[in-house]
Amino acid sequence: MQDITELEKRITTALERIGKGVDRLASHPRQATTTTAPAAAPSDSALRAQLEEEKSLTAQLQARLRAAKDREAKGDLQEKVDRLTQDLDVQGLELQRMRRVNASLREQLEALRSAAASGATEPALINKAMAAELEALRATRLTEMAEMDEILAALEPHLTEAGNA
């Protein structure tokens with residue numbers, strides 16, 4: 001990120017220098033050529049060559065800046081896709097667990113009902129039904145925790161941004 005900022009500054013400075021040089025050339029129209037011109041003054045063709053060199057350097061820096069910004073944007077998107085994929089996998093696993101536990105709970109409750117209908121109350125069936133119900137509650141809690149983690153992950157960038165402001 002520092003490289004991008006530095007490149008932007010260099011491009012801006014180069015463009016300002018080019019603009020000032022062009023303004024100087026435009027504000028001082030060429031006088032009649034004199035033979036007493038100082039030897040140290042650069043010629044018009046040399047100035048044009050420098051201008052072209054600066055333009056080419058500016059174009060290269062702008063291309064590098066665009067490429068760096070594109071890479072940065074793609075990296076951010078890939079991180080976001082990876083995080084969302086991981087969240088989706090966690091939710092899928094929790095959903096499968098919840099379905100399994102609920103199926104077990106239904107079976108235990110059906111066994112308990114049939115035992116109660118026959119007039120026999122079996123403590124083992126009651127214990128199994130209670131254990132299945134507790135497991136269902138745990139699965140529900142883990143699913144809710146996964147949802148809360150997802151919400152926190154979505155809010156985290158906004159909270160850090162607000163903290164930095």
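## Overall architecture

A helix is here a DSSP run of H or I with at least four residues, and helices are numbered from the N terminus. With that in hand, Gln108 can be placed in helix 2, and we will come back to it below. Please keep in mind that this is a predicted model.

The protein chain has 3 helices and 0 strands, so its pattern along the sequence reads α-α-α. Helix 1 spans residues 2–27 and helix 2 spans residues 44–117, while helix 3 covers residues 123–164. Of the 165 residues in the protein chain, 15% are buried. Among contacts with a separation of 6 or more, 82% are between residues 24 or more positions apart.

## Where helix 1 meets helix 2

Which residues make up the largest nonpolar core? There are 6 in all: Ile4, Leu7, Ile11, Leu61, Leu65 and Ala68. At least two of these core residues come from helix 1, and at least two from helix 2. Another core, of 5 residues, lies apart from it and includes Val101, Leu105, Ala132 and Ala136.

Ala68 is a good residue to look at more closely. It lies in helix 2 and belongs to the largest nonpolar core. Its relative accessible area is 13%, and since buried means under 20%, Ala68 counts as buried. The C-alpha atom of Ala68 is separated by 8.8 Å from that of Asp3, although the two residues are 65 residues apart along the chain.

Arg66, also in helix 2, makes a nice contrast to Ala68. Is Arg66 buried or exposed? Arg66 has a relative accessible area of 52% and is exposed, as the cut-off for that class is over 50%. The C-alpha atoms of Arg66 and Ile4 are separated by 9.1 Å, with their positions 62 residues apart along the chain.

## A pocket lined by helices 1 and 2

The second largest pocket has a volume of about 360 Å³. Helix 1 and helix 2 are the elements that give two or more residues to its lining. The largest share of that lining, 7 residues, comes from helix 1.

In total, 13 residues line the second largest pocket, and those nearest its centre are Arg17, Gly21, Arg24, Leu47 and Gln50. Sorted by class, the lining has 6 nonpolar, 3 polar and 4 charged residues.

## Salt bridges, within a helix and between helices

How many salt bridges does the structure hold? There are 7, and three of them are worth a visit. We can start with Arg48 and Asp44, whose closest N and O atoms are 3.5 Å apart. Both residues lie in helix 2, 4 residues apart, about one turn of the helix. Arg48 is exposed, with a relative accessible area of 53%, whereas Asp44 is partly exposed at 27%.

Asp87 and Arg83 form another salt bridge, at 4.0 Å from N to O. These two residues are separated by about one helical turn because they are 4 residues apart in helix 2. Arg83 is partly exposed, with a relative accessible area of 28%.

The side chains of Glu135 and Arg97 also meet in a salt bridge, with 2.4 Å from N to O. This pair links distant parts of the chain, as Glu135 sits in helix 3 and Arg97 in helix 2, 38 residues apart. Glu135 is partly exposed, at 25% relative accessibility. Salt bridges that share partners join Arg97, Glu135 and Arg138 into one network.

## Gln108 and its neighbours

Now back to Gln108 in helix 2. Is Gln108 buried or exposed? At 16% relative accessibility, Gln108 counts as buried, because the limit for that class is under 20%.

Which residues does Gln108 touch, leaving aside residues up to four places away in sequence? They are Leu125, Lys128, Ala129 and Ala132. Ala132 is also one of the residues in the core of 5 residues mentioned earlier.

Methods
Residues are numbered from 1 along each chain as its sequence is written. This is a predicted model: local features need pLDDT of at least 70, side-chain atom pairs count only at pLDDT 80 or more; totals for chains, interfaces and linings use all residues. Side-chain values use heavy atoms; hydrogens and water are left out. On a 1 Å grid over the protein atoms alone, a cavity is a set of points where a 1.4 Å probe fits but cannot get out, and a pocket is an open set with protein on both sides within 12 Å along at least five of seven lines; lining residues have an atom within 4 Å of a point. Grid points are joined across faces, edges and corners, and a volume is the space filled by probe spheres set on the points. Ala, Val, Leu, Ile, Met, Phe, Trp, Tyr, Cys and Pro count as nonpolar, Asp, Glu, Lys and Arg as charged, and the others, Gly among them, as polar. A nonpolar core is a set of buried Ala, Val, Leu, Ile, Met, Phe, Trp, Tyr and Cys residues joined through side-chain atoms within 4.5 Å. Buried means under 20% relative accessible area, exposed over 50%, partly exposed in between (1.4 Å probe, protein chains only). Contact means heavy atoms within 4.5 Å.
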